[in-house]
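The following questions and answers introduce a protein structure to a reader who has not met it before. The sequence and the structure are shown first.

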Amino acid sequence: MREYPWFDFDQVDFVTSDTHFSHARISELADRPYSTVDEMNDDLVRRWNDIVAPASVVLHLGDLALGPIEESIALTAQLNGRRLLVPGNHDRVSPATQSKRAIERFLPVYEAAGWEILPEVIEGTRHGYRIIASHYPYGGDSQEQDRHTSHRPRWDDGIPLLHGHTHARDRGPNGHQFHVGVDAHDFAPIPFSVIDTWIQSLPGIETRLQTAIREARGVLADLDNTSPSQMDSMFYMQAYDDLHMHLEELLTAVDETGHAKGDADAGSR
């Protein structure tokens, strides 16, 4: 069942995180190959615009920019595409590190540069497969201990998670997690087709509809295996609640699958 604000991942063309525009020390801290901040900023903009078209949709998973924030955020207006930001701990719109008053102050700065600000954790489907996205991984950090644990996604229960934050140089997959940060991906956004291939390669992965069918059948099997002598009013109330919950999930998944197929058919005409 869904736990976080719902998001349509089918609309996304690219995903990235941890650009750290105008961060004076990030090349030292993350071992980036730049001599100056200006060199880094120029290269990040160039690499982004070389692959992202103006009509593309990019999902950025946090830590967009530091330094003098009005200047560094204004710099990102040069980036192509419709740009969606899931806040990271270094963003001035992050509930993990900023007060409500600070967020209200800086939100217009991000919006003026063309950013749409999303919740800290989003959940949705891509081609029918469930995905969670957050700045933070289920577990792991760029430091020895995991920080901002109350703002991270729930425990790893098998749903693929896209994240940044770690600045790891390894390329992406780690169990059910996929690190999308620029430090691991040639300092540029990743085509979402790369994520699609990874998700479909995960052992035992199910679409949302397949999961809903399996869970609904499990509830029915529990009912069938319960003897009449055990069926008191409390049992019936619990069974009714379970059936109602799983039927809602099943119908939503069926409806979502139908919409996705209709969109694909429309696009092929």
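**Contacts, cores and sheet**

Q: Which residues does Trp-198 touch, not counting residues up to four places away in sequence?
A: The model is a predicted one, in which local features need pLDDT of at least 70, side-chain atom pairs count only at pLDDT 80 or more, and totals for chains, interfaces and linings use all residues. Residues are numbered from 1 along each chain as its sequence is written, and side-chain values use heavy atoms, with hydrogens and water left out. Contact means heavy atoms within 4.5 Å. On that basis, the residues that Trp-198 touches are Pro-160, Leu-161, Leu-162, Pro-173, Gly-175, His-176, Gln-177 and Phe-178.

Q: Is Trp-198 buried or exposed?
A: Buried means under 20% relative accessible area, exposed over 50%, and partly exposed in between (1.4 Å probe, protein chains only). Because its relative accessibility is 7%, Trp-198 counts as buried.

Q: Which residues of helix H5 are exposed?
A: Helices (H or I, at least four residues) and strands (E, at least two) are DSSP runs, numbered from the N terminus. In H5, residues 192-201, the buried residues are Phe-192, Ile-195, Asp-196, Trp-198 and Ile-199. These lie on the same side of H5 because they cover an arc of only 165° around the axis, the arc being that of the directions from the helix axis to the C-beta atoms. On the other side of H5, the exposed residues are Thr-197 and Ser-201.

Q: Which helix gives the most residues to the largest nonpolar core?
A: A nonpolar core is a set of buried Ala, Val, Leu, Ile, Met, Phe, Trp, Tyr and Cys residues joined through side-chain atoms within 4.5 Å. The largest one has 26 residues, and Phe-21, Leu-64, Ile-73, Tyr-110 and Trp-115 have the most contacts inside it. Two or more residues come from each of helix H2 (37-51), helix H3 (69-75) and helix H4 (100-112). With 4 residues, the element that gives the most is H2.

Q: Which strands stand at the edges of the sheet?
A: The open sheet has 6 strands in the order S1-S6-S7-S8-S10-S9, with mixed pairing; two strands pair if DSSP finds at least two bridges between them. Each edge strand has a single partner strand, so one side of each is left without a neighbour in the sheet. The edge strands are S1 (6-8) and S9 (173-174).

Q: Which residue in S6 is the bridge partner of Trp-6?
A: S1 and strand S6, residues 121-126, pair in the parallel sense over 3 bridges. In S6, the bridge partner of Trp-6 is Glu-123.
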